[in-house]
Amino acid sequence: MKCVICKTGECLPGTTHFTNVVKEKLVVVKNVNANICNNCGEAYFSTEAVEYIKMKTKEALKNSENVELFTV
Ligand SMILES: [Zn+2]
């Protein structure tokens with residue numbers, strides 16, 4: 001699959017960290033499966049990966065004070 005951002009890179013399966021700020025809290029979901037561009041590093045998440053991110057984000061908001069880090 002060609003990258004739609006830089007249009008030159010090839011997207012290859014790998015893992016990446018997903019960082020998001022929700023309700024003024026930094027949520028980092030580590031080691032999420034994604035297709036990652038070998039040129040610009042853009043990550044493409046599958047539907048399953050997005051569901052996983054949502055689940056982990058919900059957990060983080062329930063359990064954390066400020067910053068929550070996850071290790072799979
Ligand atoms: Zn790219």
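What follows is a short dialogue on reading this predicted model.

Me: Before I look at any detail, how far can I trust the coordinates, and where is confidence lowest and highest?

Reply: A good place to begin. Where pLDDT is low, the predicted coordinates should not be read in detail. Here the protein has a mean pLDDT of 87, with 88% of its residues at 70 or more. Confidence is lowest in strand β4 (residues 67-69), at a mean of 54, while strand β3 (residues 43-44) has the highest, at 96.

Me: Thanks. In what order do the elements run from the N terminus?

Reply: They run β-β-β-α-β, which makes one helix and four strands.

Me: Now the pairing. How do strands β1 and β2 run, and how many bridges join them?

Reply: Strand β1 (residues 11-22) and β2 run antiparallel, joined by eleven bridges. To find your place on the model, take glycine 14, whose bridge partner in β2 is alanine 34. The two strands form a hairpin with two residues between them. In that turn, look at lysine 23, which has a positive phi of about 50°.

Me: And the core? Which residues make up the largest nonpolar one?

Reply: It has eight residues: Phe18, Val27, Val29, Val32, Ala34, Ile36, Cys37 and Ala60. Strand β2 (residues 25-37) gives the largest share of this core, six residues. As a general idea to keep in mind while viewing strands, in a regular strand the side chains alternate between the two faces of the sheet. Ala34 is worth a second look: this core residue is also the bridge partner of glycine 14.

Me: How much of the protein counts as buried?

Reply: Of its 72 residues, 12% count as buried. You can also ask how far apart in sequence the contacting residues are. Among contacts between residues at least 6 apart, 56% join residues at least 24 apart.

Me: Back to backbone angles. What is the phi of lysine 7, and where does this residue lie?

Reply: Lysine 7 is not a glycine, yet its phi is positive, about 60°. You will find lysine 7 in the segment before β1. For its surroundings, count neighbours: lysine 7 has 10 other C-beta atoms within 10 Å, so it is exposed.

Me: Then asparagine 31: what is its phi, and in which strand does it lie?

Reply: Asparagine 31 is another non-glycine with a positive phi, about 55°, and it lies in strand β2. Because asparagine 31 has 13 other C-beta atoms within 10 Å, it is partly exposed.

Technical notes: Residues numbered from 1 in each chain as written. Predicted model: local features only at pLDDT ≥ 70, side-chain atom pairs only at ≥ 80, totals over all residues. Buried ≥ 20, exposed ≤ 12 C-beta atoms within 10 Å, placed from the backbone. Contact = placed C-beta atoms within 7 Å. Core = buried A, V, L, I, M, F, W, Y, C linked by C-beta atoms within 7 Å. Pairing = 2+ DSSP bridges. pLDDT = per-residue confidence, 0-100.
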